[in-house]
Amino acid sequence: MARVASVFCSTDYRNEVHMVTIRLARGGAKKRPFYHLIVTNSRNPRDGRFVERIGFFNPVAAGAEVKLSVNQERANYWLSQGAQPSERVAQLLKEAAQAAA
């Protein structure tokens, strides 16, 4: 009897390793943007599933409203683990570090 080798082809991509990014997820109302700084898999959609929320950015903050809040400890942790920030998030992290110092 001939033995047939079984070949498994999986379409399950959840176990693959992908780049982790730190980027902005948009919230807020029309013409009133509000962004969360999130850590997510690079393949997830902008406002989709995320691993962790590490802060927020309010570009239209006025008066005593907080414009930027970042958990520096968690941001540094994810950067040390190899997470790549988007261009805008890199600017915001730099700005938050200067404000904290």
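Leaving aside neighbours within four places in sequence, with which residues is Ile22 in contact? In this predicted model, Ile22 is in contact with Ile38, Val39, Ile54, Ala75, Trp78, Leu79, Ala83, Gln84, Pro85, Ser86 and Val89. Ile22 is also among the residues with the most contacts inside the largest nonpolar core. The points below cover the sheet, the core, the aromatic pairs, the salt bridges and one buried threonine.

**Sheet architecture**

- The sheet is open and has 5 strands in the order S4-S3-S2-S1-S5, with mixed pairing.
- The edge positions belong to S4 and to strand S5 (84-85); each has a single partner strand, so one side of each is left without a neighbour in the sheet.
- Helix H1 packs on this sheet and touches S1, S2, S3, S4 and S5. The direction of H1 makes about 125 degrees with that of S3.
- Strands of a sheet pair through backbone hydrogen bonds, in either a parallel or an antiparallel manner.

**Strand pairing**

- Strand S1 (residues 20-29) and strand S2 (residues 32-41) run antiparallel and are joined by 10 bridges. Within this pairing, Leu24 stands opposite Leu37 of S2.
- The hairpin of S1 and S2 has 2 residues between the strands, and Lys31 takes a positive phi near 65 degrees there.
- S2 is joined to strand S3 (residues 52-57) by 5 bridges, and these strands run antiparallel. The bridge partner of Leu37 in S3 is Gly55.
- S3 and S4 also run antiparallel, with 3 bridges joining them. Here Gly55 stands opposite Val70 of S4.
- A path across the sheet can thus be read residue by residue: Leu24 stands opposite Leu37, Leu37 has Gly55 as its bridge partner in S3, and Gly55 stands opposite Val70.

**Nonpolar core**

- The largest nonpolar core has 15 residues, and those with the most contacts inside it are Ile22, Leu37, Ile54 and Val70.
- At least two residues of this core come from each of S1, S2, S3, strand S4 (68-70), helix H1 (72-80) and helix H2 (87-100).
- H2 gives the most to this core, supplying 4 residues.
- Two of the residues with the most contacts inside the core, Leu37 and Val70, also appear in the pairing of the strands: Leu37 opposite Leu24, and Val70 opposite Gly55.

**Aromatic pairs**

- A search of the whole structure finds 3 aromatic pairs; two of them are described here.
- The rings of Phe34 and Phe56 have centres 5.4 Å apart and planes at 20 degrees; the pair is stacked because its planes are under 30 degrees apart.
- Phe34 lies in strand S2 and Phe56 in strand S3, so this pair ties together parts that are 22 residues apart in sequence.
- Phe34 is partly exposed, with a relative accessible area of 24%, and Phe56 is partly exposed with a relative accessible area of 24%.
- The rings of Tyr77 and Trp78 have centres 5.3 Å apart and planes at 75 degrees; the pair is edge-to-face because its planes are over 60 degrees apart.
- Tyr77 is partly exposed, with a relative accessible area of 35%, whereas Trp78 is buried at 15%. Trp78 is one of the residues in contact with Ile22.

**Salt bridges**

- The structure holds 2 salt bridges.
- One salt bridge joins the side chains of Glu52 and Arg74, at 2.9 Å from N to O. This pair links distant parts of the chain, with Glu52 in strand S3 and Arg74 in helix H1, 22 residues apart.
- Glu52 counts as buried because its relative accessibility of 19% falls under 20%, while Arg74 counts as partly exposed at 26%.
- In the other salt bridge, the side chains of Asp47 and Arg46 meet at 2.9 Å, N to O.
- Asp47 is partly exposed, with a relative accessible area of 44%, and Arg46 counts as partly exposed at 47% relative accessibility.

**Thr21 in strand S1**

- Thr21 is found in strand S1 and is buried, with a relative accessible area of 10%.
- Leaving aside neighbours within four places in sequence, Thr21 is in contact with Ile38, Val39, Thr40, Ser42 and Gln84.
- Ile38, Val39 and Gln84 are in contact with Thr21 and also with Ile22.

Notes. Residues are numbered from 1 along each chain as its sequence is written. This is a predicted model: local features need pLDDT of at least 70, side-chain atom pairs count only at pLDDT 80 or more; totals for chains, interfaces and linings use all residues. Side-chain values use heavy atoms; hydrogens and water are left out. Two strands pair if DSSP finds at least two bridges between them. A nonpolar core is a set of buried Ala, Val, Leu, Ile, Met, Phe, Trp, Tyr and Cys residues joined through side-chain atoms within 4.5 Å. Buried means under 20% relative accessible area, exposed over 50%, partly exposed in between (1.4 Å probe, protein chains only). Contact means heavy atoms within 4.5 Å. Rings of Phe, Tyr and Trp (its six-membered ring) pair if their centres lie within 6.5 Å; planes under 30 degrees apart count as stacked, over 60 as edge-to-face and the rest as tilted. Axes are lines fitted to C-alpha atoms, for helices over the stretch in contact, and angles run from 0 to 180 degrees between N-to-C directions. A salt bridge is a side-chain nitrogen of Lys or Arg within 4 Å of a carboxyl oxygen of Asp or Glu.
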